[in-house]
Amino acid sequence: MDFRLTEKQEALKQQFEDFFKEIMKEAPPEYGRGGLEAIYDTEEGFQFHKYVAKKLGEKGWIARPWPKKYGGQDAPIIEQLIFNEVREKHRAPGIDNFGVGMFAPTLLLGATEEQKERLLPPIAKGEVIYCQGWSEPNAGSDLASLQTKAIRDGDHYVINGQKIWTTGAHRADCMFLLARTDPNEKRHKGLSVFHLPVNLPGIEMRPIKYMDNKHLYNEVFFTDVRVPASDRIGEENDGWRLTRDTMNFERSGVGKYAQCESVLNELISFVKNTKRDGKFLSEDPVVRQKIARLFIDLQCGYMLAYKIGWMQDKAGLSFAASAASESKVFGTELIQRFANYGTEIMGLYGQLEKSKWAPMEGSMVEDYQFCVGSNIAAGTSEIQRNLIAWVGLELPRFK
């Protein structure tokens, strides 16, 4: 198998490289090394995110694979993967992971023509920011047990309930919401997907702050919130099918592997230039073995991600959930290995955060603290392995 890019793809990749190399020179100090916290926590970081989004929208790079009539370029999906890889390597903002990566593909799969023409172009132009209204206090990993209700009342639905761990809701313009439209049904039956602005009357947000006071997550409360029936996406009570497809988009990104590659390059530079007991760390066989393991795993991860791109290109946006789960569980556990190995290689220096002695600008401390959460967000590793077993291997389900 030949995994090399074509000359045209290489040229396009260089375009992306040149753009992000230059625009990241404009990043404010508050943006730091990027990530969701850099975007949502500070006003400076969020404004830089919106600035980059506008630039990307002007270039038509946000939604290259979409049909042109919705703001895309009808480009092959592989070109979007190349874009995602380069952007994440530079730790650049500008892409709304929820709007572009999750809600837009859901619209392409299940929305009416009117909804597509109304909702997709602003996303493609980088003009609107979304958040995800899924998790509830008693419905996180077990999302099908959610209790937020959306009851039909004429031409509207009336929404009551609560969502939690809503990333970036305090910065968002709109939300895509999963709610129960048939209270008499249980589990995944009777659920529907909605689009709604977050400034509607009856919506209240409360911040959930980190121990260091950073603000990424929120609680969102709905009290008699009225949403037009025209903003229900897909058929009533068919929301679980759409949501499963949305989960696949959330779990299939190549970006996490590009981020790992950046960390790996920094680690390689660190071991080549750091001595311990009179020898460079790169001469230590244990260190070399750990670096080699990370490199090999990273190449495997890229293959999983590009396999998904190939499947989407051949079979359309809807593809086997097991493939997305493979990439998700492997990628998030690889992030954890990077944090563990990196901290072990750096020794006590790896625990320093704000110090001139801190390797890699002290980033390993944050990576180490955060990596366990990556195995929980978007579906735990245990859930992913169940999906791989049930859908990919057709093994029997638990009774």
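Glu 79 is a good place to begin: in this predicted model, Glu 79 is buried, with a relative accessible area of 6%. Its partner is Arg 64, and the two side chains meet in a salt bridge with an N to O distance of 2.4 Å. If you trace the chain between them, you will find Arg 64 in the loop between α3 (43-59) and α4 (77-89), while Glu 79 belongs to helix α4 itself, so that the pair links distant parts of the chain, 15 residues apart. Arg 64 is buried as well, because its relative accessible area of 8% falls under the 20% cut-off.

Let us move on to the charged pair at Glu 136. The side chain of Glu 136 forms a salt bridge with that of Lys 163, at 2.9 Å from N to O. Glu 136 sits in the loop between β1 (130-133) and β2 (149-153), and Lys 163 is in strand β3 (residues 156-163), so this contact ties together parts that are 27 residues apart in sequence. How accessible is each partner, buried or exposed? Glu 136 counts as buried at 8% relative accessibility, and Lys 163 is buried with a relative accessible area of 0%.

Strand β3 also leads us into the strand pairings. With β2 it pairs in the antiparallel sense over five bridges, and within that pairing Lys 149 has Asn 160 of β3 as its bridge partner. Two residues lie between the strands in the β2 and β3 hairpin, where Gly 154 takes a positive phi near 65°. Strand β3 pairs with β7 too, again in the antiparallel sense, over seven bridges. Here you can look for Val 158, which stands opposite Arg 226 in β7. As you follow these strands, it helps to recall that side chains in a regular strand alternate between the two faces of the sheet.

From β7 (residues 215-228) we can step across to β6 (residues 203-209), since these two strands pair in the antiparallel sense over seven bridges. Met 205 is found opposite Val 220 in β7. The hairpin of β6 and β7 has five residues between the strands, and one of its residues, Asn 213, takes a positive phi near 75°.

Now back to the charged side chains, this time between helices. Glu 333 and Arg 385 form a salt bridge, with their closest N and O atoms 2.9 Å apart. Glu 333 comes from helix α10 (residues 321-346) and Arg 385 from helix α12 (residues 381-392), so the pair links distant parts of the chain, 52 residues apart. What is the exposure of Arg 385? With a relative accessible area of 44%, Arg 385 is partly exposed.

Charged groups can also be joined into something beyond a pair: Arg 33, Arg 91 and Glu 266 are linked in a network of salt bridges. Across the model, the count comes to 20 salt bridges. As a general matter, side chains of opposite charge can pair when their charged atoms come close.

One last stop is Glu 17, which lies in helix α1 (residues 7-23). Glu 17 is buried, because its relative accessible area is 15% and the cut-off for burial is under 20%. Leaving aside residues up to four places away in sequence, Glu 17 touches Val 86, Lys 89 and His 90.

Methods
Residues are numbered from 1 along each chain as its sequence is written. This is a predicted model: local features need pLDDT of at least 70, side-chain atom pairs count only at pLDDT 80 or more; totals for chains, interfaces and linings use all residues. Side-chain values use heavy atoms; hydrogens and water are left out. A salt bridge is a side-chain nitrogen of Lys or Arg within 4 Å of a carboxyl oxygen of Asp or Glu. Helices (H or I, at least four residues) and strands (E, at least two) are DSSP runs, numbered from the N terminus. Buried means under 20% relative accessible area, exposed over 50%, partly exposed in between (1.4 Å probe, protein chains only). Contact means heavy atoms within 4.5 Å. Two strands pair if DSSP finds at least two bridges between them.
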